Structures are given as C-alpha cells and as structure tokens.
Amino acid sequence: MQLGLFPLPLFLLPGGVTKLRIFEPRYVRLVKESMANDSGFVLAMKDGDAICRFGTHVKIVDFETLPDGLLGVTIRGISRVKLANIGQEEDGLWISDTEVLPDWNENEGAGDLGTALENLFEAHPEHASQYNSEHRFDDMLWVCQRWLEILPLANNQRQWFLAQHDLQEAKQFISLLLSEEKI
C-alpha cells in the first residue's frame, strides 16, 4: 500500500499517541487525504536528507483548530512498517510503498518496568496526558513501547528497534538502563 510520509524526528510505536501541528500545505493535503479515505499516513524519521527505511503507520484520532489558527491533529500508532520506493510528489510530499511488519507479541506482566514508567508519568504529566485513562502499566508490550518513545535514542537506534521481530531486545535494553539508574 502506498502512503504519504510525515518526516519528523519523533518516534512513535503502535499504541502511542501524540499531537502534531500542521501548517505546510503538503501536510494539510496529507491530513485531508488521510481523513477522506481513512488510510492514515506514515510517521517517518529522516537521516540527513534521506527518509529512514522503517516508520510507523498512524491514524488520525482527533483534530482541532489551535489557538494560533493552525490545524492540530492527534495521531495514534497503528503498526510498524518497512518503506520502499520512497519518492516525492510535485508539492514535496514524501510517499512510499509500505509493508506492514508483524506485531510484537508479549503476554508477560511489566513488573518493575511498568512501575518505573508509572513513576515517570507521575513526575512528567505531559507524557501521561496523551493517554487519558489508557495507561496499561501491567502490559509489558505497552510499557516497552512507551519507554522506547521517550528515551533519548539516536535515529539509528530507533530504526534498529523498529526492525526487530520481537520485544526481547527492547526489554533487555530498558531493564539494563533502569538497573544502571539504581546503582
């Protein structure tokens, strides 16, 4: 499936929620088309001038007119995707063929990782506010995805995690970081 791309230095995974300010005409068009056919678009990272190979298919879940008159949209991550045949249209909008990657499956409880994320959300309510009452601090998959979104990772690290077939590396990485914080 071919989708429009929204290149940002923002990392969002399935289940993640964030708000965007839309002001460039090409992205206004992207939002209009996405809402008209309920296709969504891909939140993609850039490495220099190039679009990275992995991104997140997102859907618009809400929109508003912001105080400055710009369009605000709330998006939710739907699936990880691999990008191919990346190009630009006349107005500069990036487009790509997308291949949906399999969902990560995890049935394990989140334990200490969930407790640590809950504590972080309490200390930084701006992160928690995006999720309203949808916090799932006992769900390892949800917890690890939120940790990966907020950790200060380089784009190549984010791309590496997006390409993984399961959650194991993310769990180990986050557990190691949190254990080092306790030392």
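This report describes the fold, surface and one helix of a predicted protein model.

## Basis of the model

Local features require pLDDT of at least 70 and side-chain atom pairs pLDDT 80 or more, while totals for chains, interfaces and linings use all residues. Numbering starts from 1 along each chain as its sequence is written, and side-chain values rest on heavy atoms, without hydrogens and water.

## Fold and dimensions

The protein contains six helices and six strands (DSSP runs, H or I of at least four residues for helices and E of at least two for strands, numbered from the N terminus). Their order along the sequence is β-β-α-β-β-β-β-α-α-α-α-α.

The radius of gyration is 17 Å, which agrees with the value near 16 Å for a compact globule of 183 residues; it is taken over C-alpha atoms, and the globule rule is 2.2 Å times the number of residues to the power 0.38. Along the principal axes, the C-alpha atoms fill a box of roughly 55 × 35 × 30 Å.

## Burial and surface

Of the 183 residues, 45% are buried (under 20% relative accessible area, with a 1.4 Å probe and protein chains only). The exposed surface of the protein is about 9800 Å², of which carbon and sulfur atoms supply 51% (Shrake-Rupley method, 1.4 Å probe).

## Helix α4

Helix α4 spans residues 140-150 and is mostly covered, with 10 of its 11 residues buried. Among them are Trp-142 and Trp-147, together with the charged-type residues Arg-146 and Glu-149. At the N-terminal end of α4, Asp-139 acts as a cap: a side-chain oxygen lies 3.0 Å from the backbone nitrogen of Leu-141.

Terms used
Buried < 20%, exposed > 50% of the residue type's maximum accessible area, 1.4 Å probe, protein only. Polar contact = N/O pair within 3.5 Å; in protein donor to acceptor, adjacent residues only side chain to side chain.
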